[in-house]
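Hi,

Here is the structure I promised to pass on. Have a look at it first, then read on for what turned up when I went through it.

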Amino acid sequence: MTQTVAVLGTGKIGEALLSGMIRAGWRPADLLVTTRRGDRAEELRTRYGVQSVGNAEAAKAADILILAVKPQDMGKLLDELAPHVGTDRLVISAAAGITTTFIEERLTTGTPVVRVMPNTPVLVDEGMSVISAGSHATGSHLTTTEEIFGGVGKTLRVPESQQDAATALSGSGPAYFYFLVEAMTDAGILLGLPRAQAHDLIVQAAIGAAVMLRDSGEHPVKLREAVTSPAGTTISAIRELENHGVRAALIAALEAARDRSRALASGNG
């Protein structure tokens, strides 16, 4: 890798990207980080051998800028970067709800911008990062973005018009599974199991089911039917889930998440 990359706002997600890039072959000497706190900067220097700089210095030195700050901090950051960012840079935003247009309007006309929605499993290299091109980003820019985020999981290109739906499904998706595991653990306790045992049983069932979904190539209905014997325990449980409208509740929940993402993107937060 010969380009210099700066991660601006190196929190948990930013650090996950940093470590993923190093494992993928990026040299620490080609990586810059920015942080708010001096102790955090020292921690990253010690752990990864990267250089910590200010935002303006990062904008001047880096070929690729990854904006990993909180959405509410994006406007101020762009004001700081704008005098130093030209059209020869690639700007990648990993901030939820921030559109490429919002960024493009605050930088030099023609600056390539790519929007990415990662989810928290990037922390364990099992993330899904949904990638969309701005008005001036090319296929090459998307490929570079995929190389960076591919170090911490999978990537998927979508039109930016689908980012709100992807946020609802993938960006927020891990929370739905945690919620389900929490509820199933409580059910296990109600059925007489100790909490630790109920937790272990459910987590391993979730991991096994996810691997089967990923590796078998089978439709989830077919995999579910393989577990569902006539007049058995599973179909009794499925009947109760349907009676309580779980499928409809999930659809409504994802629609609510999509609508909230749209509201945040439009500035109606």
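K12 sits in helix α1, which spans residues 12–23. Keep in mind that this is a predicted model. K12 is exposed, at a relative accessible area of 67%. What brought me to K12 is its spacing to V122: the two are 110 residues apart in sequence, and their C-alpha atoms are 9.4 Å apart in space.

I looked at a few other pairs as well, in case you want distances to check against your own setup. R36 belongs to the loop that runs between β2 (31–34) and α2 (38–48). R36 counts as exposed, because its relative accessibility is 77% and the cut-off for exposed is over 50%. From R36 to L254 it is 218 residues along the sequence and 34 Å in space, C-alpha to C-alpha.

E255 is in helix α12, and with 40% relative accessibility E255 is partly exposed. E255 is 44 residues from V211 in sequence, with 27 Å between the C-alpha atoms. A206, in helix α9 (residues 195–216), is also partly exposed, at 38%. A206 and L32 are separated by 174 residues in sequence and by 37 Å in space, again C-alpha to C-alpha.

Now the overall picture. The protein has 269 residues, of which 37% count as buried. Its secondary structure comes to twelve helices and eight strands. Along the principal axes, the C-alpha atoms fill a box of roughly 70 × 40 × 35 Å. How much of the contact map joins residues at least 24 apart? Among contacts between residues at least 6 apart in sequence, the share is 61%.

On to the pocket, which may be the part you care about. The second largest pocket has a volume of about 940 Å³. It is lined by 37 residues, and those closest to its centre are G9, A68, V69, K70 and D73. Four elements give two or more residues to that lining: α4 (74–81), α7 (163–171), α8 (173–190) and α12 (246–265). Which of them gives the largest share of the lining? That is α12, with four residues. Sorted by class, the lining of this pocket has 15 nonpolar, 14 polar and eight charged residues.

Since α4 is one of the elements in that lining, I took a closer look at this helix. Its buried residues are M74, L77, L78 and L81. Seen down the axis of α4, these buried residues fall within an arc of 100 degrees, so they line one face of the helix. The face turned away from that buried side carries the exposed residues K76 and D79. What covers the buried residues of α4? The cover includes the strands β1 (5–8), β4 (64–67) and β5 (90–93), along with the helices α3 (55–61) and α5 (100–104).

Two other helices from the lining, α7 and α8, also meet each other. Their axes come within 5 Å and cross at roughly 35 degrees. On the α7 side the contact is made by A168, L169, S170 and G171, and on the α8 side by G173, P174 and Y176. By class, the residues of this contact are four nonpolar and three polar, with no charged ones.

Last, two backbone oddities to know about before you set anything up. D125 is not a glycine, yet has a positive phi of about 60 degrees. You'll find D125 in the loop between β6 (113–117) and β7 (127–133), partly exposed with a relative accessible area of 31%. The other is A231, which also has a positive phi of about 60 degrees without being a glycine. A231 lies in the loop between α10 (220–227) and α11 (233–243). Is A231 buried or exposed? Exposed, with a relative accessible area of 82%.

That's what I have for now. Shout if something doesn't match what you see on your side.

Cheers

Conventions:
Residues are numbered from 1 along each chain as its sequence is written. This is a predicted model: local features need pLDDT of at least 70, side-chain atom pairs count only at pLDDT 80 or more; totals for chains, interfaces and linings use all residues. Side-chain values use heavy atoms; hydrogens and water are left out. On a 1 Å grid over the protein atoms alone, a cavity is a set of points where a 1.4 Å probe fits but cannot get out, and a pocket is an open set with protein on both sides within 12 Å along at least five of seven lines; lining residues have an atom within 4 Å of a point. Grid points are joined across faces, edges and corners, and a volume is the space filled by probe spheres set on the points. Ala, Val, Leu, Ile, Met, Phe, Trp, Tyr, Cys and Pro count as nonpolar, Asp, Glu, Lys and Arg as charged, and the others, Gly among them, as polar. Buried means under 20% relative accessible area, exposed over 50%, partly exposed in between (1.4 Å probe, protein chains only). The arc is that of the directions from the helix axis to the C-beta atoms. Contact means heavy atoms within 4.5 Å. Axes are lines fitted to C-alpha atoms, for helices over the stretch in contact, and angles run from 0 to 180 degrees between N-to-C directions.
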